[in-house]
Amino acid sequence: MDRRKRFGVHYTPAALARFVAGRVVARVGGRVRVLDPACGDGELLAAVGELVEAELVGFDLDPEAVAAARGRLPGAEIAVGDFTEVGEALPAGSFDVVITNPPYVRTQVLGGEDTRRLAARFGLRGRIDLTHPFVAMVPRLLKPGGVFGLLCSNRFLSTKAGANVRGLLSERLSVREVYDLGDTKLFEAAVLPAVVVATNDREHRTARYASAYQVERGAPAGDLFAAVTSDSSSTVSVRGRSFAVEVGTLGRSGPEDPWRLSTPERERRSTSVRARTWKTLGELAKIRVGIKTTADQVFIGDHWDALPADRVPEAALLRPLLTHADVRQWTAPGPARVRVLYPYLDLPTRKPVDLALHPRAAAYLASHRERLEGRRYVAAAGREWFEIWVPHRPSLWRVPKIVFPDISPEPRFAVDRSGAVVNGDCYWISVPELGGDDLAHLVLGVANSAFGTRFYDEVCGNRLYAGRRRWITQYVARLPVPHPDSAAAREIVAAARGLAGGDPSLLPRLERAVERAFE
């Protein structure tokens, strides 16, 4: 296995290590005992040692990293060890500081048995990575008033899987500072980092929150770390890239909800929106991800006509497949660029076709049978060997549906009436299930508006590199919808219909109507 995947190796850059160490040691005094449970080559420990008199302790699974840490930190206690095992033998309350960049090793690398064991030991739910048990073990090891400095992926701030970490930090420690360092590219790897500073006490004060994400507009050159620790928001240029730095406090409710940046102005807007929301989109309809075949090279492509004639699947089974490349904002998706072999009858429930009635499709699938039968989970679920993994309700593809891509810088919601199947890189909502065409255009109007994007950023906030956003169920379901009988809603519907029909001049009218709907 690749060493990076096995050990979760994303060593901390020196500048970022100094920033985290600085935020932590600002809350301690005198000589301190410091633990890094996944010390790597010792960068975080070294950064602490440069700022304060400290007794340094570290563990790591990688013997090469341990040797490097010992070489640069003479006198430190550095040992090879799995912290999820050796950490339980450490005395409670034995450290003034725990500082760490936990290994990012996901469930599929850990393996099912280890994942279940860790989840049971630490009371974790859903998908986990090693950050979760690491955070769970820290409170026991900190002295009263001790400080925890956590550097990890910012995914924990906003995703469902991150609820474990949000809950552990909120319930067992006092969160003092949160820094979402977004797409600053401080790591060589594609990691969007976040930093949390928490203390081992029950004095739950308002926590500081700052974020930094790239913007197109220019800005004066400056220091990114100075900007995120200042008292006011700003725009700063670092190495030729401009970042909008927003400063406020940590907004949170339950652990299932994303952590977000809160300011008085944002809270005023949030209160206004809640008061004027009829229902959320998730309350109105089911939001589904597209199909997942788990064998795309077999089922999806534009190669069908190039196959031998006796292996070209019957036309009834080759369905147009919409992908993110086909979906545009407002207007109906363009013609699908690929087709999917969709071996199901057009019924409300999943029922595979009889391959005996489709001999060419049967011959094609038989040529890939070994690969398809290798998907043991398909058979374990009681499926035929030639089925796809997530087909959804076949008959719903034929009726109108709202479609939008999983990842996009801007919202790209549109109504598809072509009857095409939707791929797994997109999401979709059945228009009849939603409640009809007017409601569909009301949703389109709110989702595609500047208000919709601002709502996403302020309430959901899962942004990726270069301003890309994740338009997934847990976020889109929160989208507010005004009462359809209100004058503003009727105006939104009329403007959205015109925009969907190709009249861009109606955009200002739509934006005004959406703002009026939520004031």
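Which residues of helix 3 (residues 43-51) are buried? I looked these up first and found E43, L44, L45, A46, A47 and V48. I took buried as under 20% relative accessible area, with a 1.4 Å probe and protein chains only. Helices here are DSSP runs of H or I with at least four residues, and strands are E runs of at least two, numbered from the N terminus.

A note on the model: it is predicted, so I kept to its rules, with local features needing pLDDT of at least 70, side-chain atom pairs counting only at pLDDT 80 or more, and totals for chains, interfaces and linings using all residues. Residues are numbered from 1 along each chain as its sequence is written, and side-chain values use heavy atoms, leaving out hydrogens and water.

Next I asked what covers helix 3. Among the elements over its buried residues are helix 2 (14-25), strand 2 (54-60) and helix 4 (63-72), where contact means heavy atoms within 4.5 Å.

Then I turned to the domains. The assignment, automatic or from a database, gives domain 1 (7-204) and domain 2 (287-517). I found their C-alpha centres 40 Å apart, with 10 residues of domain 1 in contact with 10 of domain 2.

The two domains bury about 760 Å² between them, 50% of it on carbon and sulfur atoms; this is the accessible area (1.4 Å probe) that two parts lose on being put together, summed over both. S158, D183 and L192 supply 53% of what domain 1 buries against domain 2, more than any other three residues.

Last, I checked for salt bridges (a Lys or Arg side-chain nitrogen within 4 Å of an Asp or Glu carboxyl oxygen), and the rule finds zero across this interface of domain 1 and domain 2.

How values were computed
Buried < 20%, exposed > 50% of the residue type's maximum accessible area, 1.4 Å probe, protein only.
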